Structure formats: C-alpha cells, structure tokens
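Please take a moment to look over the chain that follows, and then read on with it in view. The paragraphs below go from single residues to strands, and from there to a helix and a core.

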Amino acid sequence: MGDNSFAVFALPAMQTRESFSAPGFSPLSLDFPARIASVHRATGETDVQVSLNLDGQGQCNTHTGVPFLDHMLHQISSHGLIDLEIQATGDIEIDDHHTNEDVGITLGQALSKALGDRKGIVRFGHFFAPLDEALVQVTLDFSGRPHLSYGLDIPTARVGTYDTQLVREFFVAVVNHSQMTLHIRQLDGINSHHIIEATFKAFARALRMAIEIDPRRAHLIPSSKGVL
Ligand SMILES: [Mn+2]
C-alpha cells in the first residue's frame, strides 16, 4: 500500500511543479508600477532624505551621522532586499535622539509611499532571527493601525556611543509613519549588540515577507474590508 499511495500523491505534485516552472516572479511580470519612493523631511533639528526600492537587491548607502544606526539600517536593506539610500544631518552635538527618530519617521513615510494603497502585498510577516546567543521574533502587519509591542530587554545603556533606548524610539517612529502593527519579542540574549542586531534582522525578513506581492491576489487590497 505504501508504494501505491506514494505514486498517487507523488504524480500530482510533480505535475504541479512543472506547471509552475516559469521564471521567478517579479512585480514587473504583473505590470506593477515600480515600488520606489523618495521622501525629504526637514525640521529645525534634522534634515533627512530617504530613497528606497522595495523590489531591490539590498544595495545600501546610508550616512546618518549615527554609525550604529547606519549598521542597523544596513540590516534592513540587506535582509529585506530593499535598496536604501539615506542621507541625514542632525543635531547630534546634543545627542542622537532627534536624528534617530527622524530617520525612523522618514523611513516609515517612504515605506508607506512605496506601498501606495498596499494592493497585492502579502501584508503579514514574521521571522525568528538568531545572532549567536540572541534570539528575537518579529511579527508585523501592514494593518493601517499603528501599534508597537516592544519586548526587548537590552542589558546595557549603550552600544558604543549609541543609546540603546533609541531602538524603541526608532521603531515607534517607523510604526506610526508606515501604519504598521509590530510585535517584537526577545526570546534570548545577553549581548546588547547581538540583541539589537537580531531584532533588525528579524524585522528585515518579516518586512520582506509582508511587502512581497502575492500573485494569487496581486490586484486586490489584502483586507476583507477592501481597505488598508
Ligand atoms: Mn553588528
């Protein structure tokens, strides 16, 4: 019976694979407009320019004046496969707070702009990222309702010169300006650099999953209400 049942189930599976053996999907193959955006935001405290391509290859060029933030933005680009260019100047002679927050705000606005009405996206994303002893889970939803549930317990006040309280401030800004629901859970971790970097890696992969075009409903807004 084992041999027969294998044959019965294996044959349709092989046919299914062959019938979908077309080249890899890209939004362009569904006549999607390029999912790119540029946002410039200037205040009395900072001047931030963000350009991104959601369907990129992880090319990253960021100069925020906050080296650790640049290192984390590189994780978003590289693991999210988002081409990302960020130039920021800010009042870092005071501290990194305004620049960190305003980069988050502008990145959130650029994400929202590139997604447009969010037609065709998978919408939900999740990932567990380890970095040595650290393990962080990120779950997100482009729900249209900003919410952050922040579950990091970072053991030191600073990583290099970067104030570790700014991690939460960054994600608050991204969430509010991209209209995203975001849950971050730290499952393990001792080293602050590892915990934060695992968070950005998990965020990047969850983001990549959520913004991917779902070919089965590429021309529909992914909500039972029809609006996000
Ligand atoms: Mn690192």
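A residue is called buried here if 20 or more other C-beta atoms lie within 10 Å of its own. The model is a predicted one, and a good place to try out this cut-off is glycine 90, which lies in strand E4. Is glycine 90 buried, or is it exposed? Glycine 90 counts as buried because it has 23 C-beta neighbours inside 10 Å. If residues up to four places away in sequence are not counted, glycine 90 touches Glu45, Thr46, Gly65, His98, Thr99 and Asp102. Alanine 42 is 48 residues from glycine 90 in sequence, and yet the two are 9.6 Å apart in space, C-alpha to C-alpha.

This fits into a wider picture of the protein chain, in which 78% of the contacts between residues at least 6 apart in sequence join residues at least 24 apart. The chain has 228 residues, of which 38% are buried, and it contains five helices and 10 strands.

From glycine 90 we can turn to the partner of its strand, since E4 (residues 83-90) pairs with strand E3 in the parallel sense, over four bridges. One of the residues involved is threonine 62, whose bridge partner in E4 is isoleucine 86. To travel from E3 to E4, the chain passes through helix H2 (residues 67-80), and the β-α-β crossover made in this way is left-handed.

In a regular strand, side chains alternate between the two faces of the sheet. Strand E3, residues 60-63, shows such an alternation: Cys60 and Thr62 point to one face and are buried, whereas Asn61 and His63 point to the other face and are not buried.

Burial also leads us to the nonpolar core. In soluble globular proteins, nonpolar side chains tend to be buried together. The largest nonpolar core of this model holds 56 residues, and among these Val136 and Phe203 touch the most other members. The element that gives the most to this core is helix H5 (residues 192-211), with 11 residues. Helix H5 is mostly covered, as 16 of its 20 residues are buried, and from its first C-alpha to its last it reaches 28 Å, close to the 28 Å expected at 1.5 Å a residue.

Which residues are in contact with valine 136, leaving aside its neighbours within four places in sequence? They are Ala129, Ile184, Arg185, Gln186, Leu187, Ile195, Ala198, Thr199 and Ala202.

Terms used. Residues numbered from 1 in each chain as written. Predicted model: local features only at pLDDT ≥ 70, side-chain atom pairs only at ≥ 80, totals over all residues. Helix = DSSP H or I, 4+ residues; strand = E, 2+ residues; numbered from the N terminus. Buried ≥ 20, exposed ≤ 12 C-beta atoms within 10 Å, placed from the backbone. Contact = placed C-beta atoms within 7 Å. Pairing = 2+ DSSP bridges. Right-handed = clockwise from strand over helix to strand, strands pointing away. Core = buried A, V, L, I, M, F, W, Y, C linked by C-beta atoms within 7 Å. Expected span 1.5 Å × (residues − 1).
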